[in-house]
Amino acid sequence: MDATLLLNVEGIKKTILHGGTGDLPNFITGARVTFHFRTMKCDEERTVIDDSKQVGHPMHIIIGNMFKLEVWEILLTSMRVSEVAEFWCDTIHTGVYPILSRSLRQMAEGKDPTEWHVHTCGLANMFAYHTLGYEDLDELQKEPQPLIFIIELLQVEAPSQYQRETWNLNNHEKMQAVPILHGEGNRLFKLGRYEEASNKYQEAIVCLRNLQTKEKPWEVQWLKLEKMINTLILNYCQCLLKKEEYYEVLEHTSDILRHHPGIVKAYYVRARAHAEVWNEAEAKADLEKVLELEPSMRKAVQRELRLLENRLEEKREEERLRCRNMLG
């Protein structure tokens with residue numbers, strides 16, 4: 001089929017290589033589109049930049065979700081399932097491709113898989129990098145050029161047909177998801193399913209962190225989200241205590257207290273972690289701080305101090321026995 005302008009969009013030409021089946025799918029907001037793609041330069045060799053089939057798994061995007069390379073949504077929504085088409089896209093549509101490509105390559109190499117679908121600042125992001133870590137992408141970034149995309153549309157799923165991950169929810173949906181995830185985490189914690197509970201708390205934290213990036217730091221809405229985040233982090237730390245991951249607890253609680261030195265629960269949770277790794281002085285200092293800030297917690301503090309003293313006495317007794325055995 002001869003190349004034709006696609007949907008009167010400037011700077012795009014489409015050639016159908018293999019016809020699709022059925023009617024044009026219903027590309028509603030929130031629909032998940034699965035496809036294979038190959039990206040090539042427009043040189044004589046049609047140099048391949050990326051190929052999802054070589055990576056071994058297809059690509060997914062969510063319609064209406066501000067995907068980094070917005071032109072792909074335009075291309076995909078012109079296609080039928082099983083269709084294979086070649087698209088020539090002018091430079092006005094391909095400027096951010098090097099950033100997307102870098103993220104996809106990192107994901108294929110087993111690096112942070114969230115980076116490619118969370119941060120979508122487009123051109124603003126592009127100039128934040130001195131190098132992308134790949135010579136061909138650095139060249140593309142310095143000299144943007146038209147690109148060819150060969151796309152095979154595999155599947156289009158309505159939002160109700162698949163499990164939506166928290167990263168692809170819109171802002172309103174993220175805020176609605178947080179109390180649900182929080183409550184589910186609490187339920188799992190009470191059942192002793194600490195790994196699953198910690199995952200729920202983490203999901204909720206990711207939602208709130210994403211929302212927080214859209215607010216001005218230290219202003220009212222930002223602080224409101226920060227308070228919710230800290231509550232969830234401390235719940236997450238309770239799971240870590242149960243999993244005996246004490247040093248991670250110390251890291252998270254200390255980070256909270258650096259920014260918010262008045263959070264009583266953070267001192268209390270950190271004190272328990274200090275006690276578990278035999279930091280006697282630090283544990284006692286944190287428990288004293290708990291009493292100073294919240295005198296009504298005296299019973300809980302006294303209980304922790306008794307537990308600490310008992311454990312320390314057991315440790316001293318073990319050391320005495322070990323010394324006697326060595327001398328004996």
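In this predicted model, the largest nonpolar core has 39 residues. Leu208, Leu232 and Val249 are the residues with the most contacts inside this core. Seven helices each supply at least two of its residues: α8, α9 (194-212), α10, α11 (246-259), α12 (264-276), α13 (280-293) and α14 (298-327). The largest share, 10 residues, comes from α10. In soluble globular proteins, nonpolar side chains tend to be buried together.

Leu208 gives a view of the surroundings of one core residue. Leaving aside residues up to four places away in sequence, Leu208 touches Met175, Val178, Leu225, Met228, Ile229 and Leu232. Apart from the largest core lies another core, of 35 residues. Trp72, Phe87, Phe149 and Val156 are among the residues of this other core.

The next topic is a pair of helices, α8 and α10. Two packed helices are described by the angle between their axes and the distance between the axes. Helix α8 covers residues 171-190 and helix α10 covers residues 220-242. Their axes come within 11 Å and cross at roughly 20°. An angle under 35 degrees counts as roughly parallel, and α8 and α10 are therefore roughly parallel to each other. The crossing in which α8 passes α10 is left-handed.

Which residues make this contact? From α8 come Met175, Val178, His182, Asn186 and Phe189. From α10 come Gln221, Leu225, Met228, Thr231, Leu232, Asn235, Gln238, Cys239 and Lys242. Taken by kind, the residues of the contact are seven nonpolar, six polar and one charged. Several names in this contact have come up before: Met175, Val178, Leu225, Met228 and Leu232 are among the residues that Leu208 touches.

Two loop residues remain, and for each the backbone angle phi is of interest. Arg46 lies in the loop between β3 (32-41) and β4 (48-51). The phi of Arg46 is positive, about 50°, although Arg46 is not a glycine. Is Arg46 buried, exposed or partly exposed? Partly exposed is the range between 20% and 50% relative accessible area, so Arg46, at 32% relative accessibility, counts as partly exposed.

Trp218 is the other loop residue, and its place is between α9 and α10. Trp218 has a phi near 70°, a positive value in a residue other than glycine. Because its relative accessibility is 47%, Trp218 counts as partly exposed. The loop that holds Trp218 leads back to α10, the helix with the largest share of the 39-residue core.

Key: Residues are numbered from 1 along each chain as its sequence is written. This is a predicted model: local features need pLDDT of at least 70, side-chain atom pairs count only at pLDDT 80 or more; totals for chains, interfaces and linings use all residues. Side-chain values use heavy atoms; hydrogens and water are left out. Axes are lines fitted to C-alpha atoms, for helices over the stretch in contact, and angles run from 0 to 180 degrees between N-to-C directions. Helices (H or I, at least four residues) and strands (E, at least two) are DSSP runs, numbered from the N terminus. Angles under 35 degrees count as roughly parallel, over 145 as roughly antiparallel, 65 to 115 as roughly perpendicular and the rest as oblique. A crossing is left-handed if the near helix is turned anticlockwise from the far one by less than a right angle, and right-handed if clockwise. Contact means heavy atoms within 4.5 Å. Ala, Val, Leu, Ile, Met, Phe, Trp, Tyr, Cys and Pro count as nonpolar, Asp, Glu, Lys and Arg as charged, and the others, Gly among them, as polar. A nonpolar core is a set of buried Ala, Val, Leu, Ile, Met, Phe, Trp, Tyr and Cys residues joined through side-chain atoms within 4.5 Å. Buried means under 20% relative accessible area, exposed over 50%, partly exposed in between (1.4 Å probe, protein chains only).
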